[in-house]
Amino acid sequence: SLSFHFMNIKVLENFSDAPMTPKQILHVIQTKGLKEMRGTAPLACLVTMLHSQVRGDRVKNSIFFKLPGRMSLFTLKVL
């Protein structure tokens, strides 16, 4: 089973041409059957993983980028 980290990369690379919210990313993961999940914990885990990747010391090495502003919109960094 792939981790949320790799699921997020897969969704943002293959299923979106625009930044997405964690809820939108989770919706794609679930509707495409990319990972089996139940309950409300998957969204909380996804949000925590994404935010941990775009804050503090991890920002420099993260593949994820959070767009500035109130809404949590994430995309992949262009390397």
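**Fold and residue environments in a predicted model**

The secondary structure of the protein chain consists of three helices and two strands. Along the sequence, these elements follow the pattern α-α-α-β-β. The model is a predicted one. Taken along the principal axes, the box filled by the C-alpha atoms of the protein chain is roughly 30 × 25 × 25 Å. A compact globule of 79 residues would have a radius of gyration near 12 Å, and the value for the protein chain, 12 Å, agrees with this.

Of the 79 residues of the chain, 33% count as buried. Among contacts in the protein chain with a separation of 6 or more, 44% are made by residues 24 or more positions apart. The exposed area of the protein chain is about 5300 Å², of which 56% is supplied by carbon and sulfur atoms. The protein chain carries 11 positive and 4 negative charges, and the mean positions of the two sets are 6 Å apart.

Helix α2 spans residues 22–31, and its buried residues are Pro 22, Ile 25, Leu 26, Val 28 and Ile 29. Seen down the axis of α2, these buried residues fall within an arc of 160°, so they line one face of the helix. In general, an α-helix has 3.6 residues a turn, so residues three or four places apart point the same way. On the face of α2 turned away from the buried side are the exposed residues Lys 23 and Thr 31. The cover over the buried residues of α2 includes helix α1 (4–14), helix α3 (41–53) and strand β2 (74–76). Just after α2, Gly 33 adopts a positive phi of about 65°.

The loop between α1 and α2 contains Thr 21. The relative accessibility of Thr 21 is 14%, and because buried means under 20%, this residue counts as buried. Apart from residues up to four places away in sequence, Thr 21 touches Met 71, Ser 72 and Leu 73.

Two residues of helix α3 were examined individually. Leu 43 lies in this helix and, at 26% relative accessibility, counts as partly exposed. When neighbours within four places in sequence are left aside, Leu 43 is in contact with Pro 22, Lys 23 and Leu 26. Pro 22 and Leu 26 are among the buried residues of α2, whereas Lys 23 is an exposed residue on the face turned away from the buried side. Leu 43 and Glu 13 are 30 residues apart in sequence, and their C-alpha atoms are 19 Å apart in space.

Gln 53 also belongs to helix α3. With a relative accessibility of 13%, Gln 53 counts as buried. Its contacts, leaving aside neighbours within four places in sequence, are with His 5, Arg 58, Val 59, Ser 62 and Phe 64. Of these partners, His 5 falls within the range of α1 (4–14), and Phe 64 falls within that of β1 (64–66).

Gly 69 is located in the loop between β1 and β2. This glycine is exposed, with a relative accessible area of 53%. Gly 69 and Asp 57 are twelve residues apart along the chain, and a distance of 20 Å separates their C-alpha atoms.

Definitions and conventions
Residues are numbered from 1 along each chain as its sequence is written. This is a predicted model: local features need pLDDT of at least 70, side-chain atom pairs count only at pLDDT 80 or more; totals for chains, interfaces and linings use all residues. Side-chain values use heavy atoms; hydrogens and water are left out. Buried means under 20% relative accessible area, exposed over 50%, partly exposed in between (1.4 Å probe, protein chains only). Helices (H or I, at least four residues) and strands (E, at least two) are DSSP runs, numbered from the N terminus. The arc is that of the directions from the helix axis to the C-beta atoms. Contact means heavy atoms within 4.5 Å. The radius of gyration is taken over C-alpha atoms; the globule rule is 2.2 Å times the number of residues to the power 0.38. Accessible areas come from the Shrake-Rupley method with a 1.4 Å probe; for residues, only the protein chains shown count as cover. Lys and Arg count as positive and Asp and Glu as negative; His and the chain ends are not counted. The place of a charge is taken as NZ of Lys, CZ of Arg, CG of Asp or CD of Glu.
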